[in-house]
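Please work through the exercises below with the sequence and the structure open beside you. Each task is followed by a solution that goes step by step.

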There are 2 protein chains.
Amino acid sequence: MLFSKSFISTLREDPKYAECASHRLMIKASLLFMVSSGIYAYLPFGFKILKKIENIIRKRMNEEGAHELYMSALQPLDIWEKTGRTKDLEEVLIKFKDRKGRDLCLGPTHEEEITEIVKRYIFSYKQLPLILYQIQTKFRDEPRPRFGLIRSCEFIMKDAYSFDADGSGLDLSYEKMFGAYNKIFNDCGLEFITVEADPGAMGGSLSHEFMVPAQIGEDKLFLCSECNKYFNKAGKCKICKKRLAEKKMIEVGHVFKLGTKYSTAQGAYFLNHRGTRCPLIMGCYGIGVSRLISAIIEQNHDTKGIIWPKNVSGFQVSLLILERENESLFKQALSLYQILTNAGYDVLFDERFEPAGVKFNDAYLIGSPYIIIIGKRYLRENRFELEVRKTKMKLNFNKDELLNFLEKEYEINR
Amino acid sequence: MLFSKSFISTLREDPKYAECASHRLMIKASLLFMVSSGIYAYLPFGFKILKKIENIIRKRMNEEGAHELYMSALQPLDIWEKTGRTKDLEEVLIKFKDRKGRDLCLGPTHEEEITEIVKRYIFSYKQLPLILYQIQTKFRDEPRPRFGLIRSCEFIMKDAYSFDADGSGLDLSYEKMFGAYNKIFNDCGLEFITVEADPGAMGGSLSHEFMVPAQIGEDKLFLCSECNKYFNKAGKCKICKKRLAEKKMIEVGHVFKLGTKYSTAQGAYFLNHRGTRCPLIMGCYGIGVSRLISAIIEQNHDTKGIIWPKNVSGFQVSLLILERENESLFKQALSLYQILTNAGYDVLFDERFEPAGVKFNDAYLIGSPYIIIIGKRYLRENRFELEVRKTKMKLNFNKDELLNFLEKEYEINR
C-alpha cells in the first residue's frame, strides 16, 4: 500500500473527547471515526485490524469443529419473553415497534435466537455435540458510552453456542472453547488471565472470564504480588496471607456453562440414546471483538503511538523514504517495496513528499512492528536501517540480510 | 466437510410460507432460517455462499483501488436532516430515541454518514479520486416483506461511494464501478442486463440499474425479441417498431452519479488545483448482496434443487458413497475425499448411513456443480461416476482422469 493512496490520515492534535490512550490513538491513527457518542465507523486502517482479529478467531474456532453462521440483528421480542430476559436486560435492550406493530429488539446477545434455530434442526443425540458461532454487530442502549470501543452502543462480538447430550459433553465443549480462547488471546499478543466468575443474568452453573490487565479496566481483581495469583475479592491472599493489591481489568472474553435454562424455556429437546426426550445442554462463549482492539492498544503503546503485536498489525512493515525528491533513491525504494510485496509482506510505503520528521512520527503512531528506513546513505552503501518499533533497536542490513531477518521474524505468522 | 458433521439438514416438505423457488430452496437446503417475517438467519451453508459472493465483490472492488471500511448501523438522525432525506425515506426508516433521548435510526443506506466521514479527512484535490466501500447489514421497515431475501427488513448490501474533483473524474469513477459490476455479476454466473434508470430519492444526474430477468422480478422492463433490446416503457420498439414484451426483473445493482447534492448539504468541500473551495463530486454504487443469492438461485435451479454456478457454490464437489456399510468401499471413498481436499477442493462427503435415494435427493437439492458417486462397482473397476448437476451428463473416470477433469473445470476459479 502506498501511503499517498491509502485513506490513512493521521491527526497531530489529540481529540478532546478521547478518554484514554487506546481511544486517542485509534482516532489519531485514523482507525476509527466517531459518528456519535458510543457509535463508531471503522476507517480502512481500523477495518484491516478488525479483519486480522476476526480471522484469528475464525481459525481457532474452526479448528475446534465449530460452524460459522450469521444470525439477525433484529429479533422478535416474543422469543425473549419465553426466557424472561426482556426484564433482565431491560436497561440496555433497544426495543421498538415496526410499522405493522410487531415488537422487535436489536440483539445484544443471541441465546434465544440460536435456541430457536437449533430446536428446528436437532432431534437426536446422533447430531451432537454441536458448536455454532458468529461474528456480528450487537447493540446496547449504553447509559455511559466510554473509552471508545471498550463500552459502546454498537459493537462486534464473536458469540459461540455449544449443544451437548449430557454434562460430560458440555465439559468437553467448554474445555475446547477455553483452549481456543487461550490460543486466540495469545495470537493477539495479549497478556491476560482467566478467573472464575458469577454467571449473572446469563444463568448456568459455571463461568470464566478472560481478563486483560489495563489502567482503564472497569472490572476489579485483587493480586497477590507474592504468589502472583488473582482473586475476586479484596482482603488477604488465601495462600500467603499477604494483603492483595487492586488491579483494573478489561473483560475480553466470557465463557458460560448454561445448562438447560434456554432449552427448557424454549422447548429445545432431543432424543437421547435411550430414546428419552431431554433438553439440550448448552454453553455460550463470547469474545468482545471490537473491544479487543482497544485492549491490545492499551497494552501495546508508548508516548509516540501504537506498537502492534505481529499477528494483528495492519501492516507487517512500514517503509520510509527520507528524501522523496531524489529520484534514483525513489527507484531503489520502490524496487524494495515491490520485492517485499512480492514476497508476501503487507507493506505501507510512505512515499509522500513530506519531511523525515513527519514520516517518523506517522510511522511510530501507526505502529507497524518493523520500520525500514531508506535514505541517501543507501546510494553509497546499499544498506537500509531497520527499527524495531517495540524495542527501538536499530539494525543495519543489505537487501538479503533484510529479507532473511523478516522471514525469521514472521515465520510463525505467515 | 463430512455431511454427518455439517449443520446441513435438508427438509423433505416444502415450507408453506415460501413464495417462490429460491425462497423454498433456501429453506429446504438449510441455507436460511426464518426468524420472523422478513428477518432471516444465515445457517452455515448459507453463510458459506454469502462469504463466496462477498469475496468476489471484494476482489473486484479492490482491483479498482477502492478501500474497504465498515460504517455504523446506528446513525444519528441529525445527519439525515441536513439532506432532507428523513422525509424522502420516512416510510422505511426505522427510527427511535435512546434512553438519553437521542434520535437514532438504523441505516438503510450510508450517503450521509460517508459524507460526514470524508469531510473530516479530505481537504485537497491531491487526495482525490477516492472510492470507499463496505459490505454491511442494512435495515428497512419493509411494509411487505416478500420472496425471502429479495425484499426483507434486514439485508446485506455492498455500498461504495466515489469522490472526485470534477465531472470527468466522476465519469471515470463511474466507469470503473460499472466495469467492476459487470465482472462481479459475470463471476456470480448471472444472466443480467444494464439499463439507464431514474435516480429518484438518491438524487443526481445519471443512474444505471443492473437487472436479472426472473419470474419473481418486481421491476418491469420491455423486450424487443427482434432486436433483443430492453426498454423502460411499454409500447413499440424504437428501432424495428415491433410490439415490446413485458419482462420481470430483479434489481441486483444500482449505480448513481450523485454530483454535489450531499457534499453541498453537509459541507464537504475541498480545495481544487487553483485553490478554490469546491464541493466534492460524488457517486454511489450499491449491490444487494443477500438479494443476489436469491437471484442466482432463481436463475439456476430445476425441480430437484439448486444448480450453483461454479464460483458461488458452497462446495465445489459433492461426493456420495452409495453403500456406506461396505467398509472397504468406505476406505476408498475416504481416501478420495482426502485426495480431493488436499488438492484444494471444497468437498461435501455424504458418508451417512442413508439409502442412495436420500443421498441423491440431497445432492441435487444442495446443488454442487459436480457429484461424484462411488458404489460397489468401484471395487471391481476402480472407476467413479461423475454427474454434472446442470447438464445431467454422466461421466466415468478413474482417479487420474477425475483429477484432470476437475482441474480443467476449476482452472479459472481457483
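**Exercise 1.** In this predicted model, compare the span expected for helix α9 (residues 327-342) of chain B with the distance between its end C-alpha atoms.

*Solution.* Begin with the 16 residues of α9(B), which at 1.5 Å a residue should span 22 Å. The expected span is 1.5 Å times one less than the number of residues. The end C-alpha atoms of α9(B) are 22 Å apart, which agrees with that expectation.

**Exercise 2.** Determine which residues of α9(B) are buried, and what they pack against.

*Solution.* First, the buried residues are Ala333(B), Leu336(B), Tyr337(B) and Leu340(B). Because they cover an arc of only 105 degrees around the axis, they lie on the same side of α9(B). Next, the face turned away from that buried side carries exposed residues, including Glu327(B), Lys331(B) and Gln338(B). Finally, the buried residues of α9(B) pack against the strands β19 (317-321), β20 (347-350) and β21 (370-374) of chain B.

**Exercise 3.** Work out how chain B can be laid on chain A, and through what surface the copies meet.

*Solution.* A turn of 180 degrees, with a shift of 0.0 Å along the axis, lays chain B on chain A with an RMSD of 0.0 Å. That is the relation of a two-fold axis. In chain B, the C-alpha nearest this axis belongs to Phe96(B), at 3.5 Å from it. As a last step, 100% of the interface residues of chain B are also interface residues in chain A, so the copies meet through the same surface.

Methods
Residues are numbered from 1 along each chain as its sequence is written. Chains are lettered from A and ligands numbered from 1 in the order in which they are written. This is a predicted model: local features need pLDDT of at least 70, side-chain atom pairs count only at pLDDT 80 or more; totals for chains, interfaces and linings use all residues. Copies are superposed by least squares on the C-alpha atoms of residues with pLDDT of at least 70 in both. Two residues are in contact if their C-beta atoms, placed from the backbone, lie within 7 Å. Helices (H or I, at least four residues) and strands (E, at least two) are DSSP runs, numbered from the N terminus. A residue is buried if 20 or more other C-beta atoms lie within 10 Å of its own, exposed if 12 or fewer, and partly exposed in between; C-beta atoms are placed from the backbone. The arc is that of the directions from the helix axis to the C-beta atoms.
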